[in-house]
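Colleague: Got a minute to walk me through this model? I'd like to go over strands, rings and disulfides.

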Amino acid sequence: MRIPKLLVAAALLLASALPARAATCVPSSTDLCLLEGRFTARLSWDDGSGVKDAFVAAPRTDGSDSAAGLFFYYVEDASNWEILVKMIDGCRTNDRFWVLVAGSTGFGWTLEITDEATGVVRTFTHPLDGQASGLEDFEAFATCAAATP
């Protein structure tokens with residue numbers, strides 16, 4: 001399902017009126033906290049020699065309506081990001097939290113995102129195929145009505 005840009009802008013504007021949530025995600029070298037700690041993102045990757053954890057380069061934005069961050073693979077080259085993860089609070093638009101991912105790698109990867117308020121986990125994967133790609137899921141988490149932990 002494609003969401004028009006105007007609808008995305010409206011969701012960001014409306015979501016800013018929602019009350020802030022308590023953060024439960026604990027940021028680390030492998031855990032990216034999104035939407036003020038409501039969600040934890042963790043990425044693993046595979047270049048054909050085995051699955052490894054990716055590292056969080058840094059959160060780029062983190063607010064109650066939109067948040068994004070970058071993952072990298074090689075600890076010695078943190079400036080070479082591989083995966084961008086963005087979440088948007090679309091609760092006022094379609095009663096869902098949205099996930100958008102941009103990849104700049106053809107390695108296989110698995111992205112696990114946990115809603116810390118509900119324990120709901122979504123897993124997104126990309127095969128080891130040499131092709132860089134991303135994804136969009138405008139119905140990723142149907143957990144808008146959940147109580148804040």
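Modeller: Sure, here is a run through confidence, strands, aromatic rings and disulfides.
This is a predicted model, in which local features need pLDDT of at least 70 and side-chain atom pairs count only at pLDDT 80 or more, while totals for chains, interfaces and linings use all residues. Residues are numbered from 1 along each chain as its sequence is written, and side-chain values use heavy atoms, with hydrogens and water left out.

Colleague: What is the mean pLDDT of the chain?
Modeller: The mean is 85, and 83% of the residues reach 70 or more. pLDDT is the predictor's confidence in each residue, from 0 to 100.

Colleague: Where does pLDDT stay under 50?
Modeller: Over residues 10-21, and for that stretch the model has 24 contacts beyond four places in sequence. A contact means heavy atoms within 4.5 Å.

Colleague: OK, strands. Why is strand 2 largely enclosed by the rest of the structure?
Modeller: Because six of its eight residues are buried. Buried is under 20% relative accessible area, exposed is over 50% and partly exposed is in between (1.4 Å probe, protein chains only). Helices (H or I, at least four residues) and strands (E, at least two) are DSSP runs, numbered from the N terminus.

Colleague: Which way do strand 1 and strand 2 run?
Modeller: Antiparallel, with four bridges joining strand 1 (residues 31-34) to strand 2. Two strands pair if DSSP finds at least two bridges between them. Here they form a hairpin with four residues between them, and L35 in the turn has a positive phi of about 55°.

Colleague: And how many bridges join strand 2 to strand 8?
Modeller: Eight, again antiparallel, with strand 8 covering residues 108-115. R42 has E112 as its bridge partner in strand 8, and D31 stands opposite R42 as well.

Colleague: What about strand 3?
Modeller: Strand 3 (residues 51-53) pairs with strand 2 over three bridges in the antiparallel sense. S44 is matched with D53 there. That hairpin has four residues between its strands, and G48 in the turn has a positive phi of about 100°.

Colleague: Switching to rings: how many aromatic pairs are there?
Modeller: Eight. Rings of Phe, Tyr and Trp (its six-membered ring) pair if their centres lie within 6.5 Å; planes under 30 degrees apart are stacked, over 60 edge-to-face, and the rest tilted.

Colleague: Why is the pair of W45 and Y74 edge-to-face?
Modeller: Because the planes are at 70°, with the ring centres 5.3 Å apart. The pair links distant parts of the chain, 29 residues apart: W45 is in strand 2 (residues 39-46), and Y74 is in the loop between strand 5 (66-72) and strand 6 (81-90). W45 is buried at 3% relative accessibility, whereas Y74 is partly exposed at 33%. Together with Y73 and F107, W45 and Y74 form one aromatic cluster.

Colleague: What sits over the ring of W45?
Modeller: The charged end of K52, 4.6 Å from the ring centre. The rule is NZ of Lys or CZ of Arg within 6 Å of the centre and within 35 degrees of the ring normal.

Colleague: Last topic: which cysteines does a disulfide join?
Modeller: One joins C25 to C33, S to S 2.0 Å, and another joins C91 to C144, also at 2.0 Å. A disulfide is a pair of cysteine sulfur atoms within 2.5 Å.

Colleague: Left-handed or right-handed for C25 and C33?
Modeller: The torsion about the S-S bond is about -80°, so that disulfide is left-handed. The link of C91 and C144 is left-handed too, with -85°.
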